[in-house]
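Reader: Can you walk me through this chain? Short answers are fine.
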Amino acid sequence: MNDKGGDNRSEVTDFILVGIRVRPEMHSLLFLLFLVIYGMVLLGNLSMIGLIVTDARLNTPMYFFLGNLSIIDLSYCTVIVPKAMVNILSQKKTISFAGCVTQLFLYALFMVTEAFVLAAMAYDRFIAICSPLLYSVRMSRSVCIQLVAGSYLCGWVSSILQISVTFSMSFCASRVIDHFYCDSNPIEKISCSNVFINKMVSLSLAVVIILPTIIIIVVSYMYIISTVLKIPSTEGRKKVFSTCSSHLGVVSLLYGTVSFVYLTPPNDPELRKVASVCYILFTPMLNPLIYSLRNKDVKDAVRKVLWKTKVLH
């Protein structure tokens with residue numbers, strides 16, 4: 001489809017976010033669901049950040065990455081959920097053009113950054129288990145900072161590319177986005193421009209981002225499993241592998257929900273919205289729980305805080 005009405009793009013000052021289609025009497029219940037889960041996301045991730053910052057025993061590379069993971073989860077959830085909650089109860093359901101650009105940029109930034117931080121966490125576990133004597137050198141504070149900074153840089157570059165191609169399109173056909181936030185796929189559907197380049201850029205970014213991170217994670221765990229199997233005692237194997245179980249749970253949750261979002265048939269937008277809720281709300285809510293329930297250091301830090309609180313009262 002050729003570009004037509006290219007001059008109309010400058011006239012678009014806002015978009016309408018359709019949101020999740022439910023009966024009017026269900027709006028309050030949907031708002032309450034978003035509010036409760038968002039509250040749990042705030043509580044869980046802020047608590048995790050607080051524990052890591054205040055407990056000296058958690059001043060290690062693994063928890064440095066985990067703290068950044070909590071910041072990322074909290075950030076991309078906050079970029080989308082408050083606006084979605086306002087629109088649930090609003091009749092207008094609008095978002096400004098600049099607001100839509102900002103929302104897509106930040107969402108893509110944090111989503112890509114999270115993928116690379118999880119890959120860095122896999123590399124951290126690989127060094128800790130397979131080369132423990134070199135761990136303090138290979139995973140020094142400066143190396144950890146560089147890995148996180150590099151993750152954000154990758155997120156920044158991919159986000160710039162994504163919004164550049166998405167918002168260079170003309171929107172002369174419609175300004176109604178069939179989603180509860182600004183995402184590239186539903187935005188492409190309301191454009192009257194040729195979206196071939198957009199599709200190719202999105203596909204290229206997905207390959208460049210997902211493939212290396214998955215390779216790093218898979219290869220790291222292949223070496224980890226090989227090393228763990230060489231440990232003679234069953235108890236020793238369990239103890240070593242328990243340090244990886246939380247990370248594996250978070251990786252499975254992330255890639256499982258993201259796959260659910262982007263492998264959902266495009267002709268079923270409502271199912272895609274439900275899949276997006278799983279990624280945007282449930283993933284950042286469950287990540288702190290996974291690390292709290294399956295990690296001895298975190299559980300000990302929580303007990304320490306609860307004991308101090310009890311003593312003060």
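Reader: Let's start with I231. What does I231 touch, not counting residues up to four places away in sequence?
Author: I231 touches G236, R237 and V240. Contact means heavy atoms within 4.5 Å.

Reader: Where does I231 sit?
Author: I231 is in the loop between α7 (196-229) and α8 (234-262). Helices (H or I, at least four residues) and strands (E, at least two) are DSSP runs, numbered from the N terminus.

Reader: Is I231 buried or exposed?
Author: I231 is partly exposed, because its relative accessible area is 21%. Buried means under 20% relative accessible area, exposed over 50%, partly exposed in between (1.4 Å probe, protein chains only).

Reader: What kind of model is this, and what are the ground rules?
Author: It is a predicted model: local features need pLDDT of at least 70, side-chain atom pairs count only at pLDDT 80 or more, and totals for chains, interfaces and linings use all residues. Residues are numbered from 1 along each chain as its sequence is written, and side-chain values use heavy atoms, with hydrogens and water left out.

Reader: OK, overall fold. How many helices and strands?
Author: The chain has 10 helices and three strands. Along the sequence the pattern reads β-α-α-β-α-α-α-β-α-α-α-α-α.

Reader: What is the strand order in the sheet?
Author: The order is β2-β1-β3, in an open sheet with mixed pairing. The edge strands are β2 (94-96) and β3 (176-177), and each pairs on one side only. Two strands pair if DSSP finds at least two bridges between them.

Reader: Which way does β1 run against β2, parallel or antiparallel?
Author: β1 and β2 run antiparallel, joined by three bridges. F15 stands opposite I95 in β2.

Reader: And how many bridges are there between β1 and β3?
Author: Two bridges, and the pairing is parallel; β1 covers residues 14-17. I16 has V176 as its bridge partner in β3. L17 is partnered with I177, also in β3.

Reader: Which side chains of β1 are buried?
Author: F15 and L17 are buried and point to one face, while D14 and I16 point to the other and are not buried. In a regular strand the side chains alternate between the two faces of the sheet.

Reader: New topic: K93. What is its phi?
Author: K93 has a positive phi of about 55°, although it is not a glycine. K93 lies in the loop between α2 (61-89) and β2.

Reader: Is K93 buried or exposed?
Author: K93 counts as buried, because its relative accessible area is 19%.

Reader: What about Y181? Where is Y181 found?
Author: Y181 is in the loop between β3 and α6 (184-189). Y181 counts as buried because its relative accessibility is 0%.

Reader: What is Y181 in contact with, leaving aside neighbours within four places in sequence?
Author: The contacts of Y181 are L17, I80, Q103, Y107, S276 and I280.

Reader: How far apart are Y181 and S170?
Author: Y181 and S170 are 19 Å apart, C-alpha to C-alpha, and 11 residues apart in sequence.

Reader: Over to S70. Which helix holds S70?
Author: S70 lies in α2. S70 is buried, because its relative accessible area is 4%. Its contacts, leaving aside neighbours within four places in sequence, are N45, M48 and I49.

Reader: How far is S70 from G44?
Author: Their C-alpha atoms are separated by 8.6 Å, with the two positions 26 residues apart along the chain as the sequence offset.

Reader: Back to the whole chain. What is the radius of gyration?
Author: It is 22 Å, which agrees with a compact globule, because 313 residues would give a value near 20 Å. The radius is taken over C-alpha atoms, and the globule rule is 2.2 Å times the number of residues to the power 0.38. The C-alpha trace spans about 70 × 50 × 30 Å along its principal axes.

Reader: And what share of the residues is buried?
Author: Buried residues make up 46% of the 313 residues.

Reader: Last one: what share of contacts join residues at least 24 apart?
Author: The share is 79%, among contacts between residues at least 6 apart in sequence.
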